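Notebook open, model loaded. I want to go from the whole chain down to a few single residues and write down what I find.

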Amino acid sequence: MKIRSCKLFLRQMIAVFLLAALIFILIPAPEQQEAVAVIDPWYFEDASPVHQAAGDVPSMTRIRYDVGSCRQLEGNPFVLFLFLDDDVSSWSEEGVLTYLDRLCMPALEYMEDYAHHYGAQLDFRYGYYATYGHPDRPVKYSGVIDTFSGGSTSKDILDQAARSLGFDSKEHMHERLMDYSGQDQIAYVVMLNKGGRSYSHCYARSASRAADSGTKDYMLEYSVIYTGFTDTSYDSASDTVCHEMLHLFGAEDYYYPESREKLARQVYPKDIMLCAMSDLQYFELGDFTAHCIGWVDEAPAICSDPAWW
C-alpha cells in the first residue's frame, strides 16, 4: 500500500499553528497550577486472553477494555510529539522539523490509509513541543534516559517532561491537553535524539486491578522513540514510530511468544507488528491487529489457534 503524501503540506501548516497555541496551552499560568492527584500507573505484562462471553474465541479489542488514554484508533485522536532533551542529548530546530517530516508524518498517514482500508474513519490531529525557540521553558529530562538496551527503562519520562513544562504531573498536563484539543483519545510520543531500543508504555490486557480501583482514566500511554540510527534511513525508521503508536491503541507484537512468531511468519509475513526496519510501503497491517485496535469486530481465525497464545 502506497503512503499518501498529499496531506503533508496541510499538516505542516496546522503544526505551525498548533505549536504556537501549545506554547500557551502547555505552560499553565500560576493561578491555573492547581494541585491534582498523582496516580502512579501500572504496566501489566500478563498475556492471558480476554474471552468473549458467548464463546471460546478471545476478543482482544481495545474498545472492549475501555481502559487507557488511547482507547480507540478512530475519529480524530490527538498526538503530541515531545522532542525531549536529557543531560547527554538535545534537539535542534533542523532535527525536529526533519524527523517530523520523515518519521512522524509517514507513520500517521500509514495508519490513516489502513483505517480507510478496513472501513474506519481516522484523521489524526497533532502538535509538537521542543526546546528550540523556548529556552525559558525547555522540555527536558533531568538525568540520562535509559536506552532500554538491557531491558531497563526510565519510567518517569512523561512525568519529568510535564513537570519541566510547569505542570504538577503528567495527569495535570493530560487534563489541560484534553481541554485544549477537545479529544479524550491522546497519544504521547517522546522523541529522543540518541540511540536505543524504542518501546511503549501502554495498557495491557490484565487491567482489572486499575479498572476496579477506578483509576483507569489516568492510565497515560506513551511511546519512546530513539532516533539515533547510524546505518539506516529516515524511511525505515518511520515504521518504528508506526509500530510503537499501534501498541498504544492495543496492537500486540507478533514475535512473542516463539510459537506466535513462527505462525505469524506463515500467516502475516509482512505485518507491521512482526517486522521492523524497512520502508513502510512494504508493510501490511493484518486482521488480528485491525481487530485489536477496534477496526474489525469479529476475532480473526488465527485467534482459535492455541499456538497464537
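My entries follow, starting with the ground rules.

**Ground rules**

I am working with a predicted model, where local features need pLDDT of at least 70, side-chain atom pairs count only at pLDDT 80 or more, and totals for chains, interfaces and linings use all residues. Residues are numbered from 1 along each chain as its sequence is written, and side-chain values use heavy atoms, with hydrogens and water left out.

**Entry 1: the whole chain**

I looked up the secondary structure and got nine helices and five strands. Helices here are DSSP runs of H or I with at least four residues, strands are E runs of at least two, and both are numbered from the N terminus. Reading along the sequence, I get α-α-β-α-β-α-α-β-β-α-β-α-α-α.

Next I checked burial: 52% of the 309 residues are buried. Buried means under 20% relative accessible area, exposed means over 50%, and partly exposed is in between (1.4 Å probe, protein chains only).

For the surface I noted about 13,600 Å² exposed, with carbon and sulfur atoms supplying 51% of it. Those areas come from the Shrake-Rupley method with a 1.4 Å probe, and for residues only the protein chains shown count as cover.

I also looked at contacts (heavy atoms within 4.5 Å). Taking those between residues at least 6 apart in sequence, 76% join residues at least 24 apart.

**Entry 2: strand β1**

How many residues of strand β1 are buried? I found seven of the seven in residues 78-84, so β1 is largely enclosed by the rest of the structure. Phe78, Leu80, Leu82 and Leu84 point one way, Val79, Phe81 and Phe83 point the other way, and all are buried.

Then I went through the pairing, where two strands pair if DSSP finds at least two bridges between them. β1 and β2 run parallel and are joined by six bridges; Phe83 has Ala130 as its bridge partner in β2. With β3 (residues 186-192), β1 pairs in the parallel sense over seven bridges, and Phe78 has Ile186 as its partner there.

I also noted that β1, helix α3 (residues 93-117) and β2 make a right-handed β-α-β unit. Right-handed means that, with the strands pointing away from the viewer, the path from the first strand over the helix to the second runs clockwise.

**Entry 3: Ser89, in the loop after β1**

Ser89 sits in the loop between β1 and α3. Loop or not, Ser89 counts as buried because its relative accessibility is 7%. Its side chain makes a polar contact with the side chain of Asp86 at 2.7 Å. My criterion for a polar contact is a pair of N or O atoms within 3.5 Å; within protein, one must be able to donate a hydrogen and the other to accept it, and residues adjacent in sequence count only if both atoms are side-chain atoms. Leaving aside neighbours within four places in sequence, Ser89 is in contact with Asn193 and Lys194.

**Entry 4: Ser200 and its surroundings**

I picked Ser200 in strand β4 (residues 199-201). Buried or exposed? Ser200 counts as buried, because its relative accessibility is 17%.

The Ser200 side chain has a polar contact with the side chain of Ser223 at 2.8 Å, and one of 2.8 Å joins it to the side chain of Glu244. Not counting residues up to four places away in sequence, Ser200 touches Tyr222, Ser223, Glu244, His247 and Leu248.

I followed Leu248 into helix α7 (residues 234-248); at 0% relative accessibility, Leu248 is buried too. Leu248 and Ser223 are 25 residues apart along the chain, and I read 7.3 Å between their C-alpha atoms.

**Entry 5: Pro257 and helix α8**

Between α7 and α8 I found Pro257 in the loop. Tyr256 and Pro257 are joined by a cis peptide bond, with omega about -5 degrees.

In α8 (residues 258-267), Arg260, Leu263 and Ala264 are buried. They are on the same side of α8 because they cover an arc of only 105 degrees around the axis, counted from the directions from the helix axis to the C-beta atoms. The buried residues of α8 pack against α9 (287-292). On the face turned away from the buried side I listed the exposed residues Glu258, Lys262 and Gln266.

**Entry 6: Asp136**

Last lookup: Asp136, in the loop between β2 (125-130) and α4 (157-164). Asp136 counts as exposed because its relative accessibility is 69%. Asp136 and Leu165 are 29 residues apart in sequence, and I read 9.8 Å from C-alpha to C-alpha.
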